[in-house]
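This report covers helix packing, an internal cavity and some backbone details of one chain. The sequence and structure come first, and the description follows.

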Amino acid sequence: MHEKIMVIEDERKIADAIAYALKREGYEVEAVYDGGEALARLSVYQPDAIILDVMLPGMDGYDILKKLQNKGRIGVIMLTAKEDIVNKILGLELGADDYMTKPFDMRELLARLRSLLRRMQAAGEKEASAEIELEGVALHIGKRRAEAGGRQLDLTPKEFDLLAQLAARPGLVYTREQLLDLVWGMDFAGGTRTVDIHVQRLRKKLGEPYSEAIQTVHGIGYKAAGGGRVEN
């Protein structure tokens, strides 16, 4: 079965060129030129991944990312004409997996898409049925649900991924660079500060005493506390 890709881009020449290249690679493709229309089509088409422009009529790419948070795991590569790093960070924190700045090389876009789909497949096979318990924090990986003391947590996709990465190997110390690579899956131009920001937000959402499940290793990075249990 071929992966289904949705191209959401209002510049038709760009959207059609991407769609053509994807079809030549064997993907099933649907191109949509309006943000509002794209959101309506997502539930029907159910793509494996989206190539998403930021500036769209009807609804911009950031709003679409927010809506995607409740639609299961869909890979997202954002396209942006903006050089402002703040806009790129915003997209990644809302759940995008990668970004490319226009103009871009089509071969690189295809390579990044293949890499993203491989990561998603590997993660899906490994995590579909896994549950992790750590210091009163429970993660249901396949359902992408997290609880602290029985209270369900409202986590962004990257917050969940970061917590799951740490909790899966309690006691193992990760550098910020390692977490950036493992959770974001690329060289993130925003730098390692984004890891610190996500840890701070996670601790706040976990609340006391569950925030102690994530421990700082000064001068190195972070680890999950204690001896958690992973079930498959």
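What volume does the largest cavity have? The largest cavity has a volume of about 50 Å³. The model is a predicted one, and the values below are computed from it.

## The cavity

With 30 Å³ as the lower limit, the count comes to one cavity. Residues from several parts of the chain line the largest cavity: V54, Y62, M78, T80, N87, K88, G91, L92, A96, D98 and Y99. Three elements give two or more residues to this lining, namely β4 (75-80), α4 (85-93) and β5 (98-101).

Helix α4 supplies the largest share of the lining, with four residues. Sorted by class, the lining of the largest cavity consists of six nonpolar, three polar and two charged residues.

## Helices α2 and α3

Helix α2 spans residues 35-45 and helix α3 spans residues 61-68; the two pack at an angle of about 20 degrees, and their axes are 10 Å apart. Angles under 35 degrees count as roughly parallel, and α2 and α3 are therefore roughly parallel to each other. The crossing in which α2 passes α3 is right-handed.

On the α2 side, the contact is made by G35, A38, L39 and L42, and on the α3 side by I64, K67 and L68. Five of the residues in the contact of α2 with α3 are nonpolar, one is polar and one is charged.

## Helices α6 and α7

The axes of α7 and of helix α6 (residues 157-167) come within 10 Å and cross at roughly 120 degrees. That angle makes α6 oblique to α7. The crossing of these two helices is right-handed.

In the contact, K158, D161, L162, Q165 and L166 of α6 meet L179, L182, V183 and W184 of α7. By class, the contact of α6 with α7 has six nonpolar residues, one polar residue and two charged residues.

## Helices α7 and α8

Helix α7 (residues 176-184) also packs with helix α8 (residues 193-206), here at an angle of about 80 degrees and with the axes 9 Å apart. Helix α7 is thus roughly perpendicular to α8. From α7, the residues R176, L179, L180 and W184 meet T194, V195, D196 and H198 of α8. The contact of α7 with α8 divides into four nonpolar, two polar and two charged residues. Residues L179 and W184 are named in this contact and also in the contact of α7 with α6.

## R176

Which residues does R176 touch, leaving out those up to four places away in sequence? R176, placed in helix α7, touches T192, V195, D196, I220, G221 and Y222. Of these, V195 and D196 are also among the α8 residues in the contact with α7.

R176 and T194 are 18 residues apart along the chain, and their C-alpha atoms are separated by 9.1 Å. T194, too, is one of the α8 residues met by α7.

## Backbone details

Where in the chain are the cis peptide bonds described here? One runs from K102 to P103, with omega near -5 degrees. P103 is located in the loop between β5 and α5 (106-127). Another cis peptide bond joins E208 to P209, and here too omega is near -5 degrees. The loop that holds P209 lies between α8 and β11 (214-217).

Q46 is not a glycine, yet its phi is positive, at about 50 degrees. This residue belongs to the loop between α2 and β3 (49-53).

Conventions: Residues numbered from 1 in each chain as written. Predicted model: local features only at pLDDT ≥ 70, side-chain atom pairs only at ≥ 80, totals over all residues. Heavy atoms only, no water. Axes fitted to C-alpha atoms, helices over the stretch in contact; angles between N-to-C directions. Parallel < 35°, antiparallel > 145°, perpendicular 65-115°, else oblique. Left-handed = near helix turned anticlockwise from the far one by under 90°. Contact = heavy atoms within 4.5 Å. Nonpolar A, V, L, I, M, F, W, Y, C, P; charged D, E, K, R; others polar. 1 Å grid on protein atoms, 1.4 Å probe; cavity = no way out; pocket = protein on both sides within 12 Å on 5 of 7 lines; lining within 4 Å. Points joined across faces, edges and corners; volume = space filled by probe spheres on them.
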